[in-house]
Each structure stands twice: as structure tokens, then as C-alpha cells.
Amino acid sequence: MSVSLSGLDLNLVLSLRALLEERNVTRAGQRVGLSQPAMSAALARLRRHFDDDLLARVGKQYELTALGRALLDRTSTACDLLERVFSSRADFAPGSEEHEFTLLTSDYALAVFGAELTRTVHAEAPGVRLRFQRTPIDVTENTTPLLSTADGLMMPHGIISGFPAVDLFTDRWVFLVAETNDEVADQLTMDDLARLPWVVYQRAYDAPAARQLIMLGVEPRVEISVDSFQALPFLVAGTRRIALVQQRLAELLRGVAAVRLMEPPYGAVPLQEALWWHPVHTHDAAHIWLRETAARVGAELAASQPGRIATR
């Protein structure tokens with residue numbers, strides 16, 4: 001069922017969010033600057049529109065109905081999008097403006113690309129602030145609401161789709177093996193990948209290079225799952241474990257843990273890192289500047305492609 005926005009008072013969206021989050025008419029009114037009678041009237045209008053109580057009294061408190069619970073996250077997402085729509089700019093002068101961008105990223109992309117981006121932004125736009133937040137594990141299930149609360153998501157192709165993106169740089173996959181692991185010779189084998197325990201980033205098959213193994217008949221024996229790529233070397237050192245990691249990060253961390261870098265024993269698909277965003281940002285001048293700057297920094301990084309790892 002479609003609803004015409006022309007027939008709705010969009011101020012009710014703010015009231016709805018306050019009511020669902022506060023679960024109290026008086027506190028919700030104070031939050032949005034409405035008197036208690038005015039907020040009660042707003043609740044009555046919302047109940048008529050949804051044909052649902054939204055808030056149901058249980059004892060001395062109010063609890064959300066099933067529809068109220070469903071609307072809680074949607075209303076928050078809608079408000080975030082509205083704020084971003086009405087904060088859009090027709091012009092943006094990076095040298096003199098003050099602005100903050102929020103980017104969702106893994107610690108890999110932050111270390112390899114984010115550091116370079118911050119240096120460029122500092123030099124060209126001293127009033128611009130960058131806020132980096134860890135990519136949630138449920139990004140593939142909740143991509144739209146997550147992108148509605150941020151200016152961009154740094155993530156490789158092959159994990160999400162359906163949103164605009166600009167390519168940044170490419171990377172290769174290598175394996176980490178402990179220097180003390182005598183079970184592995186000078187070259188890894190497919191049998192090694194099936195036999196040895198793994199340390200993985202969050203979920204074993206987030207990376208297309210890891211998903212390839214299923215088609216090759218190998219399912220990693222995951223012993224440890226962690227939400228940090230930079231922690232992988234320390235969880236491999238001194239153990240029988242192995243880990244699949246991006247070569248640029250592995251080279252950056254070379255020497256911090258007693259591990260050796262080894263080539264995959266199969267043609268692991270390369271990684272293409274990209275910056276993804278919600279379509280609401282596409283024509284915003286500040287966001288266009290951010291994307292163009294990120295693409296330029298990415299191109300400079302891509303100019304130096306990592307080579308194959310030499311066997312010991």
C-alpha cells in the first residue's frame with residue numbers, strides 16, 4: 001500500500017520517534033518541544049493513521065505494540081535521512097568550511113587507506129572532521145539503515161550491492177603462518193588449508209577469496225573469530241593457526257608478530273576496495289568533494305600494487 005506524503009504532517013515523524021523511544025507522552029513532548037496535550041493529540045493522530053495503539057499501557061508503564069516495535073528502527077532511519085536531506089549543500093568550499101563526515105570502515109581500510117585520506121583532508125580542508133566507526137557485523141542484513149546514518153562505507157565489492165560506489169584501490173590476499181609452525185613447508189597446500197585451524201575476521205566467508213574455498217571443496221576449520229584484521233598476526237604467532245589477510249595490511253604490520261606471509265595455493269580473487277554511500281548523498285556538494293578526494297587518494301595508493309610473496 002502506497003501513502004501520499006502530501007497528505008501527511010511530517011512533524012509527526014519527530015513525534016513518533018520521540019514517543020516510541022521515550023514510551024512516555026510527557027517526556028516525548030519535552031524532547032520535541034510540545035506540551036503534554038499537544039503530544040497526546042499527536043499520539044491520537046498517529047494511532048488513527050496506523051490503526052494501532054503503538055503504545056499500550058501495562059501496569060503503570062507503556063510498552064510498544066508489535067507495530068510500535070517494527071516502527072522504532074524505521075522511524076529512526078527516516079529521521080536520520082531527513083536530517084541529511086535538509087543539510088545538503090549546493091556549494092562546498094573545502095578550504096574554508098567546517099563539516100564532519102562519518103565513515104564506516106574495518107580496521108584494515110582505516111590503516112591502509114584512512115590514514116592517507118586524513119592527511120590529504122588535513123592539508124586541503126582543515127575545517128573538515130572525519131569520524132571513523134567500526135563496520136557492524138550485520139552490515140549485509142541492514143545496509144540501508146546503516147548507510148542512512150553515515151556518509152559512507154568502505155568495503156570491498158562482492159559483499160554488498162545495489163548502492164552507488166566509487167572504487168578506491170585493489171589489494172591481494174595472503175596467508176599468515178607462524179614462524180614456528182613446522183607443519184607448513186615453503187609453500188602452502190590445499191591440504192594445509194583444510195587441516196589447520198583458522199583465525200578469521202568476523203565471519204569466515206565475508207571475503208570472496210574465502211568463499212572460493214567452498215567451491216574448491218575446502219571448508220576452513222574456524223577456531224577463532226575476531227572483529228579486527230590487525231589482531232590476526234598476534235592470534236597466529238606461536239600457534240598452528242593460519243589466517244587470510246590483505247597483503248597491504250600484512251606488509252604494513254610486518255615485524256609486529258612472529259609470522260610469515262605466504263601465497264594462497266589457489267588463484268584467490270583480488271580485493272577491490274570501494275566507498276559506498278546512500279543515494280540521498282549523490283548530489284550533495286560536500287559529499288561530492290568527499291568522494292572525489294577519496295577517489296584521488298585511492299588512485300595514488302593503487303599506483304603501487306603489491307607483488308607476490310617470495311618463498312623463504
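Start by selecting G95 in this predicted model, and show what surrounds this glycine: leaving aside residues up to four places away in sequence, G95 touches E124 and P126. Where does G95 sit? Follow the chain and you will find G95 in the loop between α4 (66-86) and β3 (99-105). Now add A125 to your selection. G95 and A125 are 30 residues apart in sequence, yet their C-alpha atoms are 4.7 Å apart in space. Is G95 buried or exposed? Its relative accessibility is 52%, and the cut-off for exposed is over 50%, so G95 counts as exposed.

**Next stop: α5 and α11**

You have already met E124, one of the residues G95 touches. E124 also belongs to the α5 side of a helix contact, so select helix α5 (residues 107-124) together with helix α11 (residues 285-302). Two packed helices are described by the angle between their axes and the distance between the axes. For α5 and α11 the angle is about 120° and the axes are 10 Å apart. That makes α5 oblique to α11. The crossing of these two helices, α5 and α11, is right-handed.

Now show the side chains where the two helices meet. From α5, pick V112, F113, E116, L117, T120, V121 and E124; they meet W289, T293, A294, R296, V297, G298 and L301 in α11. Try colouring this contact of α5 with α11 by class: you should get 8 nonpolar, 3 polar and 3 charged residues.

**A strand stop: V166**

Move on to strand β6 (residues 165-171) and select V166 in it. Which residues does V166 touch, not counting those up to four places away in sequence? The list is A274, L275, W277, R291 and A295. For a distance to try in your viewer, pick the C-alpha atoms of V166 and M154: these residues are 12 apart along the chain, and the two atoms are separated by 9.8 Å.

**Back towards the start of the chain: α1, α2 and α3**

Select α1 (11-22) and α2 (residues 25-32). Helices α1 and α2 pack at an angle of about 135°, with their axes 8 Å apart. That makes α1 oblique to α2. Look at how they pass each other: the crossing of α1 and α2 is right-handed. The contact is made by L14, R17, A18, L19, E21 and E22 of α1 and V25, R27, A28, R31 and V32 of α2. By class, the contact of α1 with α2 holds 6 nonpolar, no polar and 5 charged residues.

Keep α2 selected and bring in α3 (residues 36-50). The axes of α2 and α3 come within 8 Å and cross at roughly 105°. Therefore α2 and α3 are roughly perpendicular to each other. On the α2 side, the contact is made by V25, T26, A28, G29 and V32, and on the α3 side by Q36, M39, S40 and L43. Colour the contact of α2 with α3 by class and you get 5 nonpolar, 4 polar and no charged residues.

Which residues of α2 are buried? They are V25, A28 and G29. Turn your view to look down the axis of α2: these buried residues fall within an arc of 100°, so they line one face of the helix. An α-helix has 3.6 residues a turn, so residues three or four places apart point the same way. What covers the buried residues of α2 includes α1 and α3.

**A pair in one loop: D51 and L54**

Now select the loop between α3 and β1 (55-58), where you will find D51. L54 is in the loop between α3 and β1 too. Phi of D51 is near 55°, a positive value in a residue other than glycine. L54, which is not a glycine, has a positive phi of about 65°. Now look at the surface: D51 is exposed, with a relative accessible area of 70%, whereas L54, at 1% relative accessibility, counts as buried.

**Last stop: α8**

Finish with helix α8 (residues 208-215), whose buried residues are A209, A210, Q212 and L213. They cover an arc of only 145° around the axis, which puts them on the same side of α8. To see what the buried residues of α8 pack against, show β7 (173-178), α7 (190-195), β8 (197-201) and β10 (242-246). Then step along the chain to G217, which follows α8 and has a positive phi, near 85°.

Methods
Residues numbered from 1 in each chain as written. Predicted model: local features only at pLDDT ≥ 70, side-chain atom pairs only at ≥ 80, totals over all residues. Heavy atoms only, no water. Axes fitted to C-alpha atoms, helices over the stretch in contact; angles between N-to-C directions. Helix = DSSP H or I, 4+ residues; strand = E, 2+ residues; numbered from the N terminus. Parallel < 35°, antiparallel > 145°, perpendicular 65-115°, else oblique. Contact = heavy atoms within 4.5 Å. Nonpolar A, V, L, I, M, F, W, Y, C, P; charged D, E, K, R; others polar. Left-handed = near helix turned anticlockwise from the far one by under 90°. Buried < 20%, exposed > 50% of the residue type's maximum accessible area, 1.4 Å probe, protein only. Arc of directions from axis to C-beta.
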